[in-house]
Amino acid sequence: METTALNYDSPTSIKEFLEREGLWVTKRFGQNFLIDRSVRGRIVDALMVEPGMRVWEIGPGIGAMTELILERRARLIAFEIDHGFVRSLQSLYASSGDFSVVSGDMLKTWRAQPERPDRIFGNLPYNAAFAIIADLLELNCVPERMVFTLQKEAARRMAARPGTKDYSSFSVLCASACDVRVLFDIGASSFWPQPRVTSSVVQLVPSAAPVPAELRKSFSDFVRSAFALRRKTLRNSLRGWLNANFAAIDETARDAILLETLLSLGHRAEIRAEALSPGELFALYRQLHARVSASC
Ligand code: SAM
């Protein structure tokens with residue numbers, strides 16, 4: 001591996017490398033490199049990679065994490081949007097037999113992969129982190145373990161419990177497929193360039209009782225509507241979802257079915273989405289779907 005000229009812990013070395021390669025840091029792609037070797041080591045440890053495992057890395061940048069995964073003799077596929085970085089990664093790690101880079105927006109490229117991975121990880125671009133994780137969960141690309149670094153607030157939302165201020169549709173989507181744990185925080189000084197926020201590392205492992213894969217996307221759409229109008233009752237916020245999915249039924253009848261379903265499940269008529277657990281929301285989704293479909 002010809003990485004001697006590039007020291008991933010040194011902003012000076014990284015700057016020199018970028019200059020030599022004719023590359024630059026693009027804010028739009030959330031490019032902040034993790035320059036703390038001990039933090040990188042902790043992330044790789046949390047991923048529990050074993051030799052021969054298929055690992056996907058999202059957003060390898062110039063390869064700071066890539067290097068450590070390859071040292072563990074995994075079969076690594078990296079998804080990188082920056083074509084300049086892709087070129088550099090290919091030349092840095094070309095001699096590592098089990099490494100390939102998929103160039104382009106990960107959201108558009110991952111589905112074409114012929115095999116699903118054993119592990120997924122990434123120090124995610126802040127602006128695309130939600131979309132990337134949601135896409136993987138909704139389409140049931142859920143390996144035994146995923147480890148993501150993202151903005152601290154986003155990590156708290158992923159792991160949030162009902163009734164807390166961080167609890168959101170994203171918390172429910174995560175819980176519908178996985179058990180989420182926030183492992184540790186990373187201060188801004190561990191990155192170059194320094195972001196303005198603290199980051200956290202989260203671990204996702206498959207839940208023992210996930211929402212069935214074939215219902216996950218549809219349930220996720222339902223949950224997004226349920227949380228769309230915060231501090232509004234479910235009867236208000238689910239109007240849009242009912243209208244989009246059951247336009248053939250008159251609005252008054254739809255509202256009556258929703259009310260009936262809420263009461264039959266033991267909820268108050270004026271309950272809000274944030275008061276319900278992921279399991280309760282799923283039960284509501286199933287019942288409501290069945291009742292409205294039956295009245296069509
Ligand atoms: N992994 C490197 C590290 O820890 O030093 C870089 C992490 S940096 C926060 C995020 C990386 O994701 C950048 O390399 C950026 O170009 C890449 N990226 C941003 N959006 C992407 C997308 N939609 N698909 C694939 N890569 C993306």
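**A guided look at the ligand site**

Guide: The protein has 13 helices and 9 strands. This is a predicted model. Its C-alpha atoms fill a box of roughly 70 × 40 × 30 Å along the principal axes.

Visitor: What makes the pair between Gln31 and the ligand a polar contact?

Guide: A polar contact is a pair of N or O atoms within 3.5 Å. A polar side-chain atom of Gln31 lies 2.8 Å from an oxygen atom of the ligand. That value is within the cut-off, so the pair counts.

Visitor: Why does Asn123 count as making a polar contact with the ligand?

Guide: The reasoning rests on the 3.5 Å limit. A polar side-chain atom of Asn123 lies 2.8 Å from a ligand oxygen atom. The pair therefore qualifies.

Visitor: What makes the pair between Ile81 and the ligand a polar contact?

Guide: Here a backbone N or O atom of Ile81 lies 3.3 Å from a nitrogen atom of the ligand. The limit is 3.5 Å, so this pair counts too. Taken alone, the ligand exposes 590 Å², and the protein buries 98% of that.

Visitor: Why is the ligand said to sit in a pocket?

Guide: The rule asks for more than half of its atoms within 2 Å of the pocket's grid points. The ligand sits in the largest pocket, so it meets that rule.

Visitor: Which classes of residue form the shell around the ligand?

Guide: The shell has 9 nonpolar, 7 polar and 4 charged residues. β1 (33-34) and β3 (75-80) each supply at least two residues of this shell.

How values were computed
Residues are numbered from 1 along each chain as its sequence is written. This is a predicted model: local features need pLDDT of at least 70, side-chain atom pairs count only at pLDDT 80 or more; totals for chains, interfaces and linings use all residues. Side-chain values use heavy atoms; hydrogens and water are left out. A polar contact is a pair of N or O atoms within 3.5 Å; within protein, one must be able to donate a hydrogen and the other to accept it, and residues adjacent in sequence count only if both atoms are side-chain atoms. Accessible areas come from the Shrake-Rupley method with a 1.4 Å probe; for residues, only the protein chains shown count as cover. On a 1 Å grid over the protein atoms alone, a cavity is a set of points where a 1.4 Å probe fits but cannot get out, and a pocket is an open set with protein on both sides within 12 Å along at least five of seven lines; lining residues have an atom within 4 Å of a point. Helices (H or I, at least four residues) and strands (E, at least two) are DSSP runs, numbered from the N terminus. Ala, Val, Leu, Ile, Met, Phe, Trp, Tyr, Cys and Pro count as nonpolar, Asp, Glu, Lys and Arg as charged, and the others, Gly among them, as polar.
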